[in-house]
Amino acid sequence: MTNRIQRAIISVSDKTGIVEFASAISDLGVEIISTSGTAELLRSKGVRITEVSELTGSAEMFGGRVRTLHPAIHAGILYRRGVEEDERTLRREGFKPIDLVVVNLYPFERRLLSGSKIGELLESIDIGGLALVRSAAKNYRNVAVVTDPSMYPSVIEEMRRNLGGLSIETRFKLAVLAFESTARYESAVHVFFKVLGENPRDLEQTIKPMETLSMHFVKVRDLRYGENPHQTAAAYRDPSEAFCIAGAEQLAGKKQMSYNNILDTNAAFSMIREFEDESTAIVVKHTNPCGGATARTAREACKLAIETDPISAFGGVFAFNTVVDNETADLLENQFVEVILAPSYLPEALKDLSKKENRRILRVPEIKSAYRSKNGRKAYVSIAGGILLQDADTETIDPNKIVVPTKRKPSTDEMEDLLLAWKFAKHAKSNAITIAKQRHLIGVGSGQASRIDSCRIAVQKAERFNFDLRGAVLASDGFFPFRDTVDLAAEKGISAIIQPGGSIRDSDSIQAADEHKIAMVLTGIRHFKH
């Protein structure tokens, strides 16, 4: 059952994509009703609209607290099409049907998480928007509701395909998403009031950032097991986010992604997005980088990434920041790979890569897109009786803020290698040491309790696979508590080091670097990863 949409109401806080969406449905002959703020934007872009106040005959009240709470709006949404009594009542009252509701709510959750005054939080509690969403979702058999800007393209596509209509299946799917959003929203409000009730405060007082936390996730699917066969597991997504790695498009592979596959793929996704320009390939094993390089072509980068540590690359996750072409697919023909992720694949390359049925192949255009979490991504881990929450480590180096305290400065080529090594060190388990040469990761030492042991492992890895360490560079995710790492690097011929700095013994490491004529760069940013 496909209902043609004739009239829509649009009232959005997040105006991402709304002009394009409104223009598209207007071109399909949909009459648009809108609240004042959204109406002003749409009018300025040439979209014809009717303001809510014109329809209701009532001006917005109390600073916008009352806008859409009116029978002219809700009757048009809630009346049951085909029910004679409802049809008769609607005609008698002179109201018109509303077939599409496009609403996203005041950013209460974001303000609560970032910290705001109590009075501001109270004003951020959406009333009219929630009522619109719930009314439309309840009447999904007749009305469509869109609460997420990421759904705009698919809604427009279907409307164009169906002469301005949406199927009952789509309307039901949109209703489910709508109730997910209202449930999460109401949960956040409930937590806020619970905290407020335990410690009543003046409206001018501030709820500190992350003083309250409400979380809502939707199951993507059950997993065969967790990290080990005796552990049950499932993957969930945050419905407020447009992208979840657990839901990435799988183009090939007989088996679905496992718990460990998803963890490693997430690590690879975060890592490969550090590289935005030339072709880069990385290999990840147990969430740590074990191979990586930047080169002129995807094939060359992939070949070098495997050569970093051919043994660890066996059964790894491979990630690319450019299209995977036929030459790269040929290179991987006899390589045991658990997962490949890339923005796209050439058809013949995908065909060749798919020949191994246990190889999962993911298309992840978000690797190259401007995708970012709307609210600033958070990272959290479970602990006994609770969780730890922090901002995700998305910090990057500001070239204008780095310090070179040594007598010798890094050359242009050394600086390029230092930045590459630094990106890999950021994503390796602490204590982490990475070694690079000619835009190629050649040694990784990670997860050790002492930094010098991580350095020894990185050196041993590089030497094991016959890399010449003379002229290579070294990155450390944390500062050097002693000069021993610098001395070992010098012994092996390493010419430049990048590290955060901040140790009370920085002067010892800097002195050691000067003694060995090593250039040292201090970033001022630490990248511990536990």
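In what order do the strands of the open sheet with mixed pairing stand? In this predicted model, the sheet comprises 5 strands, arranged in the order 21-20-22-23-24. Strand 21 (441–445) and strand 24 (519–522) occupy the edges; each has a single partner strand, so one side of each is left without a neighbour in the sheet. From one strand to the next, the twist averages 15°.

Within this sheet, strand 20 (residues 433–436) and strand 21 run antiparallel and are joined by 4 bridges. One residue of this pairing is I433, whose bridge partner in strand 21 is G445. Helix 16 (residues 412–426) packs on the sheet and touches strand 20, strand 21, strand 22 (473–476), strand 23 (496–499) and strand 24. The direction of helix 16 makes about 35° with that of strand 22. Helix 17 (residues 451–464) lies across strand 20, strand 21 and strand 22. Relative to strand 21, helix 17 runs at about 145°.

Another open sheet of 5 strands has parallel pairing and the order 4-3-2-5-7. Its edge strands are strand 4 (50–51) and strand 7, each of which pairs on one side only. Strand 5 (residues 100–104) runs parallel to strand 7, and 3 bridges join the two. In this pairing, V102 stands opposite V146 in strand 7.

Helix packing was examined for helix 1 (residues 18–27) and helix 9 (residues 152–161), which pack at an angle of about 10° with their axes 10 Å apart. Angles under 35 degrees count as roughly parallel, and helix 1 and helix 9 are therefore roughly parallel to each other. On the helix 1 side, the contact involves I18, F21, A24 and I25. These residues meet Y152, V155, I156, M159 and R160 in helix 9. By class, the contact of helix 1 with helix 9 has 8 nonpolar residues, no polar residues and 1 charged residue.

The structure holds 6 aromatic pairs, and two of these pairs are described here. Y140 and F172 form an edge-to-face pair, with 5.2 Å from centre to centre and 65° between the planes. Y140 lies in the loop between helix 8 (128–138) and strand 7 (144–146), whereas F172 lies in helix 10 (residues 168–198), so the pair ties together parts that are 32 residues apart in sequence. Y140 is partly exposed, at a relative accessible area of 24%. F172 also counts as partly exposed, with 45% relative accessibility.

A further aromatic pair is formed by F243 and F269, whose ring centres are 5.2 Å apart. The planes of these rings stand at 40°, so the pair is tilted. F243 is located in the loop between strand 11 (233–237) and strand 12 (249–252), and F269 in helix 11 (residues 259–272). The pair thus links distant parts of the chain, 26 residues apart. Residues count as buried under 20% relative accessible area. F243 has a relative accessible area of 12% and is therefore buried. F269 is likewise buried, at 7%.

Definitions and conventions: Residues are numbered from 1 along each chain as its sequence is written. This is a predicted model: local features need pLDDT of at least 70, side-chain atom pairs count only at pLDDT 80 or more; totals for chains, interfaces and linings use all residues. Side-chain values use heavy atoms; hydrogens and water are left out. Axes are lines fitted to C-alpha atoms, for helices over the stretch in contact, and angles run from 0 to 180 degrees between N-to-C directions. Angles under 35 degrees count as roughly parallel, over 145 as roughly antiparallel, 65 to 115 as roughly perpendicular and the rest as oblique. Contact means heavy atoms within 4.5 Å. Ala, Val, Leu, Ile, Met, Phe, Trp, Tyr, Cys and Pro count as nonpolar, Asp, Glu, Lys and Arg as charged, and the others, Gly among them, as polar. Two strands pair if DSSP finds at least two bridges between them. Rings of Phe, Tyr and Trp (its six-membered ring) pair if their centres lie within 6.5 Å; planes under 30 degrees apart count as stacked, over 60 as edge-to-face and the rest as tilted. Buried means under 20% relative accessible area, exposed over 50%, partly exposed in between (1.4 Å probe, protein chains only).
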